[in-house]
Number of protein chains: 2
Amino acid sequence: MSAKQQMMGLLKTYLASFTMLTEEFLNDFDQKVKLNVFEKGHYLLRKGTVCEHMHYIETGCVQCYIGTKDRKETLWFMREGELAIFKNSFYDQSESVGSIVALEDTRVLSISYKDLEQLYAEHPFLERTGRKITEYYHKNSDLKSYVLYPKKPEERFDRYYQYRADIVHRIPQKQLASFLGLREETLSRLLREKRKNQ
Amino acid sequence: MSAKQQMMGLLKTYLASFTMLTEEFLNDFDQKVKLNVFEKGHYLLRKGTVCEHMHYIETGCVQCYIGTKDRKETLWFMREGELAIFKNSFYDQSESVGSIVALEDTRVLSISYKDLEQLYAEHPFLERTGRKITEYYHKNSDLKSYVLYPKKPEERFDRYYQYRADIVHRIPQKQLASFLGLREETLSRLLREKRKNQ
DNA sequence: GAGCCTTCTTGATTACGATCAAGAGGTCTC
DNA sequence: GAGACCTCTTGATCGTAATCAAGAAGGCTC
């Protein structure tokens, strides 16, 4: 079994949890989905280009940010089992104002916007799955603003940690700080205090 | 033509912009959608209850918030032509951690979760519309975190104003401040400066 | 229109995170 | 293993928004 076929298994199980998948669909799907590997530091999407693919992360971790390289404003982190797109750019197939970069060596299964649309057109039952998945991501899309609301660094950290402890532990502090809207110095000091008090 | 029928027109035009609507669907739809009026200050959803309805706002303006009444953390404002639900509570039909209140006298067309699910089940073509609408709202769901990222009050205000100038002008300052994550005193001073400098 | 309540404004003080600066520790490459 | 680079840490200073306090203005109710 190829690496791709092995990875596809997980994704198919995921999709099958929404509706029955037909034989024809699975064949079409196999042909449209591509396996990609991005080494740490490499880009899945560059600012100024169109987000043409939706990526299902099989292993690894990616960061999405806007702003300049030294003044990053991190929008989110995604890890294995999650989907990565730059929303505006993907849905509208317009130029992206942000970038997506691999924070670890990352393996993804990718499908292009065009191919996905074609799948929807040819397999209408997929619409329901698409709606449910979109609803799921939409539902969870407030986390960032929930985190940023408090001004106190500790409260921000705690709010994020509550939902994404795993991410917090595997991400460089500097990048985490750029997500929390804190200076890396502030986060460093905060974590020192937290370590001390337990 | 009843007030409801008049309002339905807009909503149907909106839905028809996604796909052809069948006669049977329109009949079902009419029966499931209810016209509701909420006076200023009245609640569309109370914390601790389940968000059973999706509301299409025909006229007026509503605010969604979490936290206590005196320490509001406003999540969003919606106005005529927009949909209002408390996401987690509606999609999962679970207890809401937040409330939705009318900031003006507000007229809405409402459909229950159960009825909506039934519409999806009986009219599969609606799934595509549902997906597109969800994608649209999902796409725009970063505004709040984009606004909250900067610490400078002015930058927060400007970021919000750029996308929701109409809302800014019709909302009480105090409520706007609770959205921007600022004290009302700070917002008051900021606006005074802005007025002066032009 | 009087009285009450809420929103908005202005002032003074204080707390704390950003910023600037520099050094320590870790990791990768040749 | 030397050197370079990057992340993380610690220190000192400064700017500014939160906080506390109180008064002004605008809306409602009776």
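Let's start at DNA strand C: by class, the surface near this strand has 4 nonpolar, 3 polar and 9 charged residues. Here Ala, Val, Leu, Ile, Met, Phe, Trp, Tyr, Cys and Pro count as nonpolar, Asp, Glu, Lys and Arg as charged, and the others, Gly among them, as polar. This is a predicted model, where local features need pLDDT of at least 70, side-chain atom pairs count only at pLDDT 80 or more, and totals for chains, interfaces and linings use all residues. Residues are numbered from 1 along each chain as its sequence is written, while chains are lettered from A and ligands numbered from 1 in the order in which they are written.

**Around the DNA**

- Among the 16 residues around DNA strand C, the nearest are A:R183, A:T186, B:Q173, B:K174 and B:S188; a residue is near if its C-beta atom, placed from the backbone, lies within 6 Å of the strand.
- Helix 9 of chain B gives the most to the surface near DNA strand C, with 6 residues; helices (H or I, at least four residues) and strands (E, at least two) are DSSP runs, numbered from the N terminus.
- DNA strand D also has 16 residues around it, and A:P172, A:Q173, A:K174, A:S188 and B:T186 are the closest.
- For DNA strand D, helix 9 of chain A gives the most to the surface, with 6 residues.

**How the two chains meet**

- The contact takes 22 residues from chain A and 22 residues from chain B, with two residues in contact if their C-beta atoms, placed from the backbone, lie within 7 Å.
- On the chain B side, helix 5 gives the most, with 9 residues.
- That side of chain B has 6 nonpolar, 7 polar and 9 charged residues.
- The copies meet through the same surface, because 100% of the interface residues of chain B are also interface residues in chain A.
- A turn of 180 degrees and a shift of 0.0 Å along the axis lay chain B on chain A with an RMSD of 0.0 Å, superposed by least squares on the C-alpha atoms of residues with pLDDT of at least 70 in both.
- The two copies are thus related as by a two-fold rotation axis.

**The bent helix**

- Helix 7 of chain A has a kink of about 110 degrees centred on A:R164, taken as the angle between axes fitted to the seven residues ending there and the seven starting there.
- Buried residues in helix 7 of chain A are A:R156, A:F157, A:Y160 and A:I167, where buried means that 20 or more other C-beta atoms, placed from the backbone, lie within 10 Å of the residue's own.

Technical notes
Buried ≥ 20, exposed ≤ 12 C-beta atoms within 10 Å, placed from the backbone.
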